[in-house]
Structures are given as C-alpha cells and as structure tokens.
Amino acid sequence: MKKYEGKLLSQIGSHDGLNDPCAEFVSIVKKLKLQEKRIAVAEIGLGFGASTVEICQLLDSKDKYYLFDFQDVVEDMIDDLHNNHFKCEIIGQGSSRGIWDSYNWNLSNLLINMKNEGEAGMFDVAYLDGAHTLLHDGLAMVLLKRLLKVGGYLVVDDLNWSYANNKYRTKEEMLDKFPEEQYYACQVRRAVNLFLVDDDMFEEVIFGDLNPYRAIYKKMK
C-alpha cells in the first residue's frame with residue numbers, strides 16, 4: 001500500500017475498516033474517464049481518504065471532485081491532496097459540527113444553484129458513505145438523485161451496517177440518541193429500499209463480484 005503524506009492520508013493503512021478504497025467507485029470512475037473528457041465526482045464521507053486518493057489518480061485538470069464531510073476534515077483533506085500534487089479541481093463542501101447541520105445543506109445548495117442555472121444534472125458519479133442514518137442518508141439519496149446526470153451512478157456503502165455492530169460507540173451512548181429499533185436497524189438499506197429500489201428512473205447495476213455491503217444505481221432517464 002502506497003504511503004501518502006498528510007494529516008489524514010498518512011493514516012491510511014492504520015485503522016481497520018478505513019484502509020481500503022471502494023472498488024466499485026473506482027471502477028466506475030475508470031469507466032467514465034474512458035468515455036468522457038471531463039467528469040464531475042462527489043464523495044460524501046471521506047474517512048482518511050483511501051477512496052479519495054484512488055479517484056484523484058484517475059482524474060485530471062479538467063475534472064471536478066466535490067468533497068463532503070465536516071469542514072475541518074474537508075480542509076485537512078484538501079491540504080493533503082494539494083501537497084501530494086493531484087491535478088483535478090477539488091471543491092470542498094464542508095459542514096459544521098453543529099447538531100442539526102450536515103452535508104445535506106451543501107447538497108441542497110448545489111441543487112438550488114443547478115435548478116437556477118437550468119441544468120439537468122451535475123454529477124457523473126456520487127459515492128455515499130455518510131452518517132449511516134435514515135435521517136441523514138435518506139435525504140442525501142433524494143438530493144443526489146436530482147444532482148446526478150442521466151447516465152450517472154450513485155454508489156451507496158454500508159447497506160448492512162448498524163450502530164449495534166459498530167465498535168466505536170457504546171450501546172448506552174447510542175440509545176441516548178436512537179430508540180432501540182433504530183439502534184439495531186440497517187438504516188442505509190432502509191433508505192435504499194425506500195428511495196431507490198422502486199424508482200423507475202434508476203436501474204440497479206452489478207459490477208463483477210459486487211460487495212454485498214454496497215449498492216449501485218444508474219440514472220436511466
């Protein structure tokens with residue numbers, strides 16, 4: 001595994017579950033770059049940048065890469081990427097750590113601007129690996145569906161993840177935030193079932209041996 005310099009990128013490889021890039025996300029960007037001269041990519045939830053650096057290696061100066069996370073994380077990631085001399089245009093979309101704030105506000109701003117400019121879509125591919133709650137990621141899917149171009153892809157991670165099977169927060173801590181039903185629920189899968197599965201504008205796509213924790217949908221019209 002290549003080592004990168006930087007506050008975040010240098011930690012790739014040192015934390016279980018945050019070391020590997022999303023193979024499907026990378027494969028789709030590779031495919032699109034063979035077809036298109038210029039693409040726009042969105043990543044929601046950055047971790048330490050395992051996917052981010054792989055995508056940046058595929059993009060060039062004509063491409064745009066939108067990064068969504070907390071503002072301090074986005075700023076650190078942009079510094080790391082610039083210091084490692086990646087060429088694409090990097091557009092930070094950071095949110096505060098306020099209790100009611102999230103990446104959805106920035107996504108909604110982009111959608112408002114897109115509609116005001118009369119555009120039909122702005123992202124060729126979006127990768128959603130966010131807060132893993134219906135509250136956050138359900139709305140994010142609704143917004144991303146509108147922000148995708150026709151022919152664009154939405155990659156959704158952690159379908160089978162729940163707060164009950166995470167190792168970073170205690171049950172007592174999370175039950176203070178959720179009822180027990182939601183603590184045990186796979187909330188990202190619920191959002192996919194609600195907002196993507198039955199949408200006739202989208203078609204599920206299988207890339208090779210698809211990770212069962214991920215879903216990919218292509219906007220068909």
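Buried here means under 20% relative accessible area, exposed means over 50%, and partly exposed is anything in between (1.4 Å probe, protein chains only). By that yardstick arginine 214 is buried at 13%, and it pairs up with aspartate 157 in a salt bridge. Keep in mind that this is a predicted model, where local features need pLDDT of at least 70 and side-chain atom pairs count only at pLDDT 80 or more, while totals for chains, interfaces and linings use all residues. Residues are numbered from 1 along each chain as its sequence is written, and side-chain values use heavy atoms, with hydrogens and water left out.

**Salt bridges: the count and the 214–157 pair**

- The structure comes out with 10 salt bridges, each being a side-chain nitrogen of Lys or Arg within 4 Å of a carboxyl oxygen of Asp or Glu.
- Arginine 214 and aspartate 157 meet at 3.1 Å, N to O.
- Arginine 214 sits in the loop between strand S6 (202-204) and strand S7 (215-219), and aspartate 157 in the loop between strand S5 (148-156) and helix H6 (171-175), so this pair ties together parts that are 57 residues apart in sequence.
- Helices (H or I, at least four residues) and strands (E, at least two) are DSSP runs, numbered from the N terminus.
- Aspartate 157 is buried, at 6% relative accessibility.

**Salt bridges: around aspartate 60**

- Lys33, Asp60, Lys62 and Asp63 are joined into one network by salt bridges that share partners.
- Aspartate 60 bridges to lysine 33, with the closest N and O atoms 3.3 Å apart.
- That link ties together parts 27 residues apart in sequence, because aspartate 60 is in the loop between helix H2 (50-58) and strand S2 (64-70) while lysine 33 is in helix H1 (residues 23-35).
- Aspartate 60 also bridges to lysine 62, again with a closest N and O separation of 3.3 Å.
- On accessibility, aspartate 60 is partly exposed at 22%, lysine 33 is buried at 18%, and lysine 62 is partly exposed at 38%.

**Cysteines**

- There are 0 disulfides in the structure, a disulfide being a pair of cysteine sulfur atoms within 2.5 Å.
- For cysteine 22, the nearest cysteine sulfur belongs to cysteine 56 and is 15 Å away.
- Cysteine 186 is in no disulfide either, and its nearest cysteine sulfur, that of cysteine 22, is 18 Å away.
- Cysteine 22 is buried, with a relative accessible area of 0%, whereas cysteine 186 is partly exposed at 27%.
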